[in-house]
Amino acid sequence: MRQTLSSSFVIPLFLCIFFFFVSISTSHGLTATNDSLIRKTCKKCAQSDPNLSYNFCVTSLQAAPHSHYANDLRQLGKISITLLGRNVTNTRSHIKELLKNQKKMDPFVRSCLHDCFDLYSDAIPTTKQALQDYKAKYYDDANIDVSSVMDATTTCEDGFKEKEGLVSPLTKRNNDAFMLSAISLSIINMIRLNGDSI
């Protein structure tokens, strides 16, 4: 006996498929719009700061899980400070592992790593405060907080340069934290000047 699909089953199935494709096309449209917001923001950030790489900015913001749902500059600013906080926390953990795992380390390098550990330890609550100040629209305070984190990355890197020929094991991490700070500062300054629009 041949079975046929009843109309009561076909219509709901059709509706499910229809709504599935509508949701995909809508989310794709949102992603394209937000991708455009990220690119425009990063273009302005890179123009305002010669130390900031446009490609680094785009890649970093696109990699953030919530960036595809950001509708305006203010939301991107929050995401950039959150990224900075994660980077700082991760770098502190990395330094801790370096200190723990390398027993026969040059004493100067060990001293520099201890300094960097302290700098990044202080930077963690500072990035949390920056995010709180940013959310409260205390942009001057958020600017000071993020600038402090940026200074910590530079101080950490400069410590290794005090001994000639020494290569810092944290150069890439310090540079990344520096550029994430620069992105946050640029966005904060744009919002102070222009509001949420770009």
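Is cysteine 112 buried or exposed? Select cysteine 112 in your viewer and keep this question in mind, for the tour will come back to that residue after a look at the whole chain.

**The whole chain**

What you have open is a predicted model, and a good habit is to colour such a model by confidence before anything else. The mean pLDDT of the protein chain is 85, and 82% of its residues reach 70 or more. Select residues 9-30 next, where the pLDDT is below 50, and where the stretch has three contacts in the model beyond near neighbours in sequence.

Now switch to a cartoon view and follow the chain from its N terminus. You will pass six helices and zero strands, so that the pattern read along the sequence is α-α-α-α-α-α, and as you go it helps to remember that an α-helix has 3.6 residues a turn, so residues three or four places apart point the same way. Of the 198 residues in the chain, 39% count as buried, while the accessible surface comes to about 11,800 Å², with 58% of that surface belonging to carbon and sulfur atoms. If you display contacts between residues at least 6 apart in sequence, 70% of them join residues at least 24 apart.

**Between helices 1 and 2**

Next, show the cysteine side chains as sticks. How many disulfides does a search of the whole structure find? There are two, and it is worth recalling that a disulfide is a covalent bond between the sulfur atoms of two cysteines.

Select cysteine 42 and cysteine 57, whose sulfur atoms are joined at 2.1 Å. This pair links distant parts of the chain, since cysteine 42 lies in helix 1 (residues 7-48) and cysteine 57 lies in helix 2 (residues 54-63), 15 residues apart. The torsion about their S-S bond is about -75°, and therefore the disulfide is left-handed. With a relative accessible area of 0%, cysteine 42 counts as buried, and cysteine 57 is buried at 0% as well.

Stay here and add cysteine 45, which takes part in no disulfide, although the sulfur of cysteine 57, the nearest cysteine sulfur to it, is 4.7 Å away. Cysteine 45 is also buried, because its relative accessible area is 0%.

**The start of helix 3**

Move along to helix 3 (residues 73-101), and look first at its beginning, where a side-chain oxygen of aspartate 72 reaches to within 3.2 Å of the backbone nitrogen of arginine 74. Then turn to the length of this helix: at 1.5 Å a residue, its 29 residues should span 42 Å, and the C-alpha atoms at its ends are indeed 42 Å apart, which agrees.

**Between helices 4 and 5**

Select cysteine 116 and cysteine 156, which form a disulfide with their sulfur atoms 2.1 Å apart. Cysteine 116 sits in helix 4 (residues 107-135) and cysteine 156 in helix 5 (residues 139-161), so this pair, 40 residues apart, links distant parts of the chain. The S-S torsion is about 100° here, so the disulfide is right-handed. Cysteine 116 counts as buried at 1% relative accessibility, and cysteine 156 is likewise buried at 1%. Counting bonded cysteines along the chain, the disulfides follow the pattern 1-2, 3-4.

Finally, return to cysteine 112, which is in no disulfide and whose nearest cysteine sulfur, that of cysteine 116, is 6.6 Å away. Because its relative accessible area is 5%, and buried means under 20%, cysteine 112 is buried.

Note on methods
Residues are numbered from 1 along each chain as its sequence is written. This is a predicted model: local features need pLDDT of at least 70, side-chain atom pairs count only at pLDDT 80 or more; totals for chains, interfaces and linings use all residues. Side-chain values use heavy atoms; hydrogens and water are left out. Helices (H or I, at least four residues) and strands (E, at least two) are DSSP runs, numbered from the N terminus. Buried means under 20% relative accessible area, exposed over 50%, partly exposed in between (1.4 Å probe, protein chains only). Contact means heavy atoms within 4.5 Å. Accessible areas come from the Shrake-Rupley method with a 1.4 Å probe; for residues, only the protein chains shown count as cover. A disulfide is a pair of cysteine sulfur atoms within 2.5 Å. The expected span of a helix is 1.5 Å times one less than its number of residues. A polar contact is a pair of N or O atoms within 3.5 Å; within protein, one must be able to donate a hydrogen and the other to accept it, and residues adjacent in sequence count only if both atoms are side-chain atoms. pLDDT is the predictor's confidence in each residue, from 0 to 100.
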